[in-house]
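Welcome, and thanks for opening the viewer. Keep a selection box handy, and we will go from stop to stop together.

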Amino acid sequence: MKLMPRSAFGQTVSLIGVLLLVNQIVAYASMAIYIIQPSSQQINQLLAKQIRVVFIDIKDVVMSPQMAQAFHRETGIGVYREHEAMQLGLANADYYPYRSMEMSKLLNGPAEVRISQGEEYLFWIRPPQAPSLWVKIPLSGLEEANLLPLIVVLMVIGGMSVVGGWLFVRQLNRPLRALQRAANQVGRGEFPEPLEAQGTSEVVAVTHAFNHMSKGIKRLEEDRNLLMAGISHDLRTPLTRIRLATEMMSDQESFLKEGIESDIEDMNNIIDQFIDYIRHDTLDKRELANVNELVDEVVLAERISGREFVVNLAQTPLVPIKYIAIKRALVNLVQNALRYTQGTIYISTRYDKVAKMVAIDVEDEGEGMNPEDIELLFKPFTQGDKARGTEGSGLGLAIIKRIVDSHGGQITLANRQQGGLQATIKLPIK
């Protein structure tokens with residue numbers, strides 16, 4: 001699992017956080033090396049000098065009570081045996097290994113340093129000159145370092161920096177998100193208004209390029225629609241004349257007449273399929289619809305075929321769809337099942353809560369298909385194998401896939417275990 005997020009937004013915010021953390025660590029290390037450590041060394045040297053003053057003559061280590069009281073009164077420094085020092089606060093003092101090591105170097109022998117903080121900030125030192133004694137040295141103006149304010153300040157600065165970086169990157173990514181939404185619309189066959197160029201110079205350049213591309217695709221789509229409309233019109237005109245000519249044929253030519261009329265119907269159907277394939281229903285608006293009602297309409301219209309339908313409708317949420325387009329796709333699936341198979345047609349709906357999609361299943365009792373050929377059926381001008389028949393233009397499933405893709409949905413085909421083919425349309429609820 002990768003720790004770094006994949007989006008540029010997440011990576012930028014993470015980078016800002018890491019750089020801020022490194023900056024705080026370097027700042028704290030610099031403070032410790034150039035401020036805290038020299039100050040600590042100066043305090044240790046001062047304490048060591050005071051210890052040497054106390055023990056100038058080793059023979060005078062044990063002072064008389066009068067001298068000890070006078071020395072303590074004038075300097076605040078006291079020399080005590082261990083049991084006396086314990087009573088005066090040594091028992092509550094904390095041991096400092098680093099200061100003990102430094103003091104040992106300065107006094108040329110093993111020394112122990114303890115510090116207690118109460119009404120006074122006291123250093124307790126066991127000097128190498130007199131290991132049985134403890135020297136108490138008060139230092140006014142020196143208090144135990146409280147790191148909590150520093151930590152709070154660093155956390156506040158870090159939080160404000162991350163939030164500021166998040167707002168900056170969010171503002172920077174706003175035109176990219178608009179560009180993404182517009183690209184998805186173009187991919188579905190919809191052409192939004194030109195995007196406003198904003199953001200950095202690179203993003204502005206990409207926005208201009210996208211607007212130019214979208215305009216070109218829209219013009220190409222309009223030209224294709226115009227071309228197909230012209231071709232279909234020009235083809236229907238001679239077909240109409242041929243149909244009128246067949247009406248004038250004699251009864252002796254009835255067999256030939258029926259064949260010509262059948263060919264004309266097939267050609268008209270092929271033209272209709274071409275038109276259905278190129279149209280995107282861009283003028284239709286999406287509306288929340290109940291797919292169960294749509295299924296009921298289709299089944300009611302197709303029952304005239306005399307075939308048996310088994311309908312199983314589950315409770316599903318409303319789905320934003322172009323109603324006429326989805327109805328056309330479902331009608332094509334049902335008609336394919338009626339045309340290429342015999343037996344019962346099964347239609348059902350279900351709701352996938354995990355994927356947040358509503359599914360429509362159309363199943364038949366035919367012979368199924370070769371799994372290797374199923375994916376090829378979604379390509380234009382591709383027909384099924386002999387088990388499914390060979391009539392038509394091969395645009396039926398391509399039209400259905402085009403419609404479903406424009407809704408951000410999915411269409412799949414699979415062989416049923418009990419025989420036959422199952423077609424599934426999945427539509428997102430958002």
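Which residues make a nonpolar surface patch of about 390 Å²? Select Leu 148, Val 152, Val 156 and Met 160, and you have that patch on screen. Before you start turning the view, please keep in mind that this is a predicted model.

**Stop 1: along helix α5**

Stay with the patch for a moment and pick out Val 156, which is found in helix α5. Val 156 has a relative accessibility of 42%, so it counts as partly exposed.

Now select Arg 174, which has its place in helix α5 too, a helix that covers residues 148–187. Add Arg 170, Arg 177 and Arg 181 to the selection: together with Arg 174 they gather in a patch of positive charge on the surface. Arg 174 itself is partly exposed, at 37% relative accessibility.

**Stop 2: a salt bridge inside helix α11**

Next, select Lys 401 and Asp 405 and show their side chains. The two meet in a salt bridge, with 3.4 Å from N to O. Where do Lys 401 and Asp 405 sit relative to each other in helix α11? They are four residues apart in that helix, which runs over residues 396–406, so about one helical turn separates them. Both ends of the bridge can be checked for exposure: Lys 401 is partly exposed at 29% relative accessibility, and Asp 405 is partly exposed with a relative accessible area of 35%.

**Stop 3: a network of salt bridges**

Keep the salt-bridge display on, and select Glu 82, Glu 112, Arg 114 and Arg 126. Salt bridges that share partners join these four residues into one network. In the whole model, the count of salt bridges comes to seven.

Zoom in on Glu 112 and follow its partners one at a time. With Arg 114, the side chain of Glu 112 forms a salt bridge of 2.8 Å, N to O. Is Glu 112 buried or exposed? Its relative accessibility is 17%, and because buried means under 20%, Glu 112 counts as buried. Arg 114, at 21% relative accessibility, counts as partly exposed.

Then turn to Arg 126, which forms a salt bridge with Glu 112 whose closest N and O atoms are 3.5 Å apart. Arg 126 belongs to strand β4 (residues 121–126) and Glu 112 to strand β3 (residues 112–117), so this pair ties together parts that lie 14 residues apart in sequence. Arg 126 and Glu 112 are both buried.

**Stop 4: Ser 100 and Val 113**

Select Ser 100, whose place is in helix α4 (residues 97–107). Ser 100 is buried, with a relative accessible area of 2%. Now add Val 113 and draw a distance between the two C-alpha atoms. How far apart are Ser 100 and Val 113 in sequence and in space? They are 13 residues apart in sequence, while their C-alpha atoms are 4.9 Å apart in space.

**Stop 5: a polar contact at Asn 292**

For the last stop, select Asn 292 in helix α8, which spans residues 291–302. Asn 292 counts as buried, at 12% relative accessibility. Show the side chain of Thr 349 as well: a polar contact of 2.8 Å joins it to the side chain of Asn 292.

Terms used: Residues numbered from 1 in each chain as written. Predicted model: local features only at pLDDT ≥ 70, side-chain atom pairs only at ≥ 80, totals over all residues. Heavy atoms only, no water. Buried < 20%, exposed > 50% of the residue type's maximum accessible area, 1.4 Å probe, protein only. Helix = DSSP H or I, 4+ residues; strand = E, 2+ residues; numbered from the N terminus. Patch = residues over 30% accessible without salt bridge, like charges linked within 9 Å, V, L, I, M, F, W, Y side chains within 5 Å. Areas by Shrake-Rupley, 256 points an atom, 1.4 Å probe, with all protein chains shown as cover. Lys, Arg positive; Asp, Glu negative; His and termini not counted. Charge placed at Lys NZ, Arg CZ, Asp CG, Glu CD. Polar contact = N/O pair within 3.5 Å; in protein donor to acceptor, adjacent residues only side chain to side chain.
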